[in-house]
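User: I'd like to go through this model with you. Could you take my questions one by one?

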Amino acid sequence: MASVENKNMEQLILDRIQKVQERVPGSIGDILQYKLVRCDDENKTYYLRCSTQEWMRNPFGILHGGLCATILDHAMGIIAYCVRPGKGQVPTINLQVSYHRPLIPGEDALVAVKVISVTRSLITLSAVASLPSAPEKACMTATATFFYKPEVG
């Protein structure tokens, strides 16, 4: 797996989370307060934790489906950025989410992101979100494809 900088994956992820918090305060990436839990470089799987808040609930009292998708998309986006083949952007071009159990507003969510493939122009990832109280039970699963757009100049 290639990386943009000559750093280990753990440091790349930590740097990316910090840059989002510093450069875009108040954004959804900042509000979700992602933290790196663990790196499994051998299996290309990276574990993140994020915070949810009460205002994120839907009328049924569970985390809004769009915000659930955002949690997965953003977590995978952090990893896509870290494994991109060079400097540039990695926008999401396809996101498929399946909902299995609700996430609870005010509770953290755990997200395991697995790198499926990295090519010259596409990065494919999968993710599973769960609650810390039951990490073995998937609340949501997703796959996504990110387009690598190299920096020009």
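What follows is a short run of questions and answers.

Analyst: A word on the ground rules: this is a predicted model, where local features need pLDDT of at least 70, side-chain atom pairs count only at pLDDT 80 or more, and totals for chains, interfaces and linings use all residues. Residues are numbered from 1 along each chain as its sequence is written, and side-chain values use heavy atoms, with hydrogens and water left out.

User: In what order do the elements of the protein run from the N terminus on?

Analyst: Helices (H or I, at least four residues) and strands (E, at least two) are DSSP runs, numbered from the N terminus. Counted that way, the protein has 3 helices and 8 strands. Their order is α-α-β-β-α-β-β-β-β-β-β.

User: What radius of gyration does the protein have, set against a compact globule?

Analyst: The radius is taken over C-alpha atoms, and the globule rule is 2.2 Å times the number of residues to the power 0.38. The C-alpha atoms fill a box of roughly 50 × 30 × 25 Å along the principal axes. For 153 residues the rule gives a value near 15 Å, and the protein agrees with it at 15 Å.

User: What share of the residues is buried?

Analyst: Buried means under 20% relative accessible area, exposed over 50%, and partly exposed in between (1.4 Å probe, protein chains only). Of the 153 residues, the buried share is 40%.

User: Which salt bridge partner does R49 have?

Analyst: The rule asks for a side-chain nitrogen of Lys or Arg within 4 Å of a carboxyl oxygen of Asp or Glu, and the count comes to 1 salt bridge. R49 sits in strand 2 (residues 45–50) and its partner in the loop between strand 4 (92–99) and strand 5 (109–118), so the pair ties together parts 59 residues apart in sequence. R49 is partly exposed at 32% relative accessible area, and the partner is partly exposed too, at 24%. With the closest N and O atoms 2.7 Å apart, that partner is D108.

User: How far apart in space are M9 and I79, C-alpha to C-alpha?

Analyst: M9 lies in helix 1 (residues 9–23) and counts as buried at 9% relative accessibility. Contact means heavy atoms within 4.5 Å; leaving out residues up to four places away in sequence, M9 touches D41, Y46, I79, C82 and V83. M9 and I79 are 70 residues apart in sequence, yet their C-alpha distance is 9.0 Å.

User: Is S126 buried or exposed?

Analyst: S126 belongs to strand 6 (residues 122–130). Beyond its neighbours within four places in sequence, S126 is in contact with M76, A112, V113, K114, I116, A142 and T143. Its relative accessible area is 19%, so S126 is buried.

User: What share of the contacts between residues at least 6 apart in sequence join residues at least 24 apart?

Analyst: The M9–I79 pair, 70 residues apart in sequence, gives a feel for such separations. For the protein as a whole, the share is 64%.

User: Where is K44, which has a positive phi although it is not a glycine?

Analyst: Q33 also has a positive phi, near 50 degrees, without being glycine, and it sits in the loop between helix 2 (28–31) and strand 1 (35–40). For K44 the phi is about 55 degrees, and K44 is partly exposed at 34% relative accessible area. Its place is the loop between strand 1 and strand 2.
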